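Reader: Please take me through one part of this model closely. I would like the charged contacts and how they sit in the rest of the chain. Keep it brisk.

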Amino acid sequence: MSIAPSVKGTLAFGEHRTWYRVTGTPGSGKPALVALHGGPGSTHDYLVGLAVLSEAGWPVVHYDQLGNGGSTHLPGADVGFWTPRLFLDELDNLLRGLGVDDDYVLFGQSWGGLLAAAHASARPEGLRGLVVANAPASYPLWLSEMRVLRDRLPPGVDDTLRRHEAAGTTDSKEYFDAMMVFYNRHVCTLQPWPREFLATFMEIYNNPAVYYAMNGPSEFHVIGSLRDWGVVDLLPDIEVPTLVISGRHDEATPATVRPYADLIPGARWEIFENSSHTPHLEEPERFTAVMTEFLKSLE
C-alpha cells in the first residue's frame, strides 16, 4: 500500500480563507479523519504523519486554523476576535465545504482536543467517532498542573522563568532557553526535534498573534483569553465512541486528561509510556496501531 495522493486548496470562511489538505478520497466507504491541530495558533505540519492512515482507506483531512499557516493571517485583529466559537464555526464550515459532514471522525490534539470535544458535544449527525489526544479538559486544570511540573524542573530553571514572567521579558533569550528545558521534557522528548514538529514550532514563533492572544508566551504561562475556559461540563453530552490519548511524560498530565475518561460515556484511555505531548512522533508505530484499531472498531 502507499499513501494516496493529496489535494490541497483553500475554502472561503466569511471574508477569510482556510487552507486544507485531503489525502485519499472522501465518500469511498470509510469516514474521513479530520485533524484539529494544537496551539491555538499552530499549524497542521506536526500532524502530517496521520496521512499514513489513508493507506487503509480512511481519507485524512488536515487544515490550518485561521490566523496561521496557509490560512488567512490577521495580525491586526483585536484580541477579542480570537474565540473558541470562531474556530468551531471554522470547523463546521470546513466540514460542509469539503462535503464530509455526513461521515467523519475527529482527531483533536492538545488545544484541538478541546475544540473537537466541544464540537462533538453538540451531537452532529455525521460524526462517527472522536479522538482526544494530549488535551486538558480545561485550562484551569492545565494551569494547576503546570505548577506541579514547573516545580520539578532542574534547580534555577523555574526561578529564571518566573523572573522574566514578572518583568514582562518573556521574549528574552534567557527565557527561551529556560522554556526549552520544559519543552524537551514535556512537549517533545525526541532529540533533535523531528522536522515536521520544528516546522510547526517555528510557525508559532514567527507568527505568535493567535497564540499570544489566546494562550500566552509559553505552554505553561497561560495569561490569554483561554485561561478560564474548558469543556468539562460538555463531556457528558458526547455520544460517539471516544479514544483518549496521552503520554506518560505529557504536559497534559493525567489530572488534566481524566475528565474525558470519566465523563464521556464508554471512553477508552490509552497512555503512551515512552511519550510526552506528541506520542504520534515519539511512539509512531504503537500510535498508528492504536488509531487503526479504534477506526476499525467504528465500522
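Author: Start with a salt bridge. The side chains of Arg150 and Asp158 meet in one, at 2.6 Å from N to O. This is a predicted model, and side-chain atom pairs count only at pLDDT 80 or more. Arg150 and Asp158 are both buried. Each therefore has under 20% relative accessible area. The bridge also belongs to a network. Salt bridges link Arg150, Asp158, Arg162 and Glu165 there.

Next comes Arg163. Arg163 pairs with Glu174 in a salt bridge, and their closest N and O atoms are 2.9 Å apart. Arg163 sits in helix H4, residues 157–167, while Glu174 sits in helix H5, residues 173–186, so the bridge ties together parts eleven residues apart in sequence. Arg163 counts as partly exposed, at 44% relative accessibility. Glu174 is partly exposed as well, at 41%.

A further bridge involves loops. Glu273 forms a salt bridge with Arg248, with 2.6 Å between the closest N and O atoms. This pair links distant parts of the chain, 25 residues apart. Glu273 lies in the loop between strand S8 (268–272) and helix H9 (279–282). Arg248 lies in the loop between strand S7 (242–247) and helix H8 (254–263). Glu273 is partly exposed, with a relative accessible area of 40%. Arg248 is partly exposed too, at 39%. The structure holds 14 salt bridges, the three pairs described here among them.

Now the aromatic residues. One aromatic cluster is formed by Tyr46, Tyr175, Phe176, Phe182, Tyr183, Trp193, Phe197, Phe201, Tyr205 and Phe220. Helix H5 spans residues 173–186, so Tyr175, Phe176, Phe182 and Tyr183 of the cluster fall within that helix. Helix H6 covers residues 195–206. Tyr205 of the cluster also has a place on the surface. Together with Leu198 and Met202, Tyr205 forms a nonpolar surface patch. The accessible area of the three together is about 280 Å². Met202 is found in helix H6. Met202 is partly exposed, at 33% relative accessible area. That value passes the patch cut-off, because patch residues need over 30%.

A search of the whole structure finds 17 aromatic pairs. One of them joins Phe81 and Trp82, edge-to-face, at 4.9 Å centre to centre and 85° between the planes. Their exposure is not alike. Phe81 is partly exposed, with a relative accessible area of 29%, whereas Trp82 is buried, with 2%.

Last, the chain that holds these contacts. The chain has ten helices and eight strands. Of its 299 residues, 57% count as buried. Take contacts between residues at least 6 apart in sequence: 72% of them join residues at least 24 apart. The C-alpha atoms fill a box of roughly 55 × 40 × 40 Å along the principal axes. The radius of gyration is 18 Å, which agrees with the value near 19 Å for a compact globule of 299 residues. The accessible surface comes to about 12,300 Å², and carbon and sulfur atoms hold 52% of it.

Back to the starting point. Arg150 and Asp158 form a buried pair, whereas Arg163, Glu174, Glu273 and Arg248 are partly exposed.

Conventions. Residues numbered from 1 in each chain as written. Predicted model: local features only at pLDDT ≥ 70, side-chain atom pairs only at ≥ 80, totals over all residues. Heavy atoms only, no water. Patch = residues over 30% accessible without salt bridge, like charges linked within 9 Å, V, L, I, M, F, W, Y side chains within 5 Å. Areas by Shrake-Rupley, 256 points an atom, 1.4 Å probe, with all protein chains shown as cover. Salt bridge = Lys/Arg side-chain N within 4 Å of Asp/Glu carboxyl O. Helix = DSSP H or I, 4+ residues; strand = E, 2+ residues; numbered from the N terminus. Buried < 20%, exposed > 50% of the residue type's maximum accessible area, 1.4 Å probe, protein only. Rg over C-alpha atoms; globule rule 2.2 N^0.38 Å. Contact = heavy atoms within 4.5 Å. Phe/Tyr/Trp six-rings, centres within 6.5 Å; stacked < 30°, edge-to-face > 60°.
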